[in-house]
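The following exercises concern strands, a helix and model confidence. Please work through each task before reading its solution.

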Amino acid sequence: MRLNIQKKIILLSAAIFLLACWADNWVNSLYFSSEYSKVLKDEVFVISNTLKNQLDRLLRMHIPIGQIEGFEELCQAVITEHTFLSYVMVVDTEGQILFHNNGSRHGEKISDPLVLKGIAGLNRSVQHSVVNKEKHYDFFIPVFENGTDHVATIRTGFPATFISDKTRQMTQYSLGIAALFFLIGLLVFLF
């Protein structure tokens, strides 16, 4: 009789522990995903602002944006340094790519109405876009000549799956640690 009660207590304790671990993991993954998303968005805006500052400096030297040389190398360097980014480009107000981390995209015209709306915006913004059939976070920072004339927009993006993959990785680590402590606790409880 005593062994039967002991088994029930162990099973009930294990069930409560597993439920608590699941709930904790679920809440943590939601919180992690939200906070990581905010941090990553801030980082992309900092990266994009660095590019904007470089363009602003060149425009203050009265170099027309269409005559700037070597900016594609800077876009490529950003992609190399920040491997989570999918693309970095400078687009004119009509949607024509002036500079791109992939030099072969130079001169292409963007036709997606949602992206064109982001390019036309006069304030920095972030939106969801579909790039190569994959959902992306799309960042837009306008570039002004003489402080007033909107001449271009810096567009930067990364796949939305980057955040979900990091969240899944964190969840797996958390579950692994919980399982380890569950086994240790079960062994201690049994002996």
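Helices (H or I, at least four residues) and strands (E, at least two) are DSSP runs, numbered from the N terminus. The model is predicted, so local features require pLDDT of at least 70 and side-chain atom pairs pLDDT 80 or more, whereas totals for chains, interfaces and linings use all residues. Residues are numbered from 1 along each chain as its sequence is written, and side-chain values use heavy atoms, without hydrogens and water.

**Exercise 1.** Determine which residues of helix α2 (residues 71-81) are buried and how they are arranged.

*Solution.* Buried means under 20% relative accessible area and exposed over 50%, with partly exposed in between (1.4 Å probe, protein chains only). By this criterion, F71, E72, C75, V78 and I79 are the buried residues of α2. Viewed down the axis of α2, they fall within an arc of 115 degrees, taken from the directions from the helix axis to the C-beta atoms, so they line one face of the helix. The face turned away from that buried side carries the exposed residues E73, T80 and E81.

**Exercise 2.** Describe the surroundings and pairing of strand β5 (residues 149-159).

*Solution.* Of the 11 residues of β5, 10 are buried, so the strand is largely enclosed by the rest of the structure. Next, consider pairing, which requires at least two DSSP bridges between two strands. β1 and β5 run antiparallel and are joined by 6 bridges; D92 stands opposite A152 in β5. Strand β4 (residues 134-145) also pairs with β5 in the antiparallel sense, over 10 bridges, and F140 stands opposite R155 in β5.
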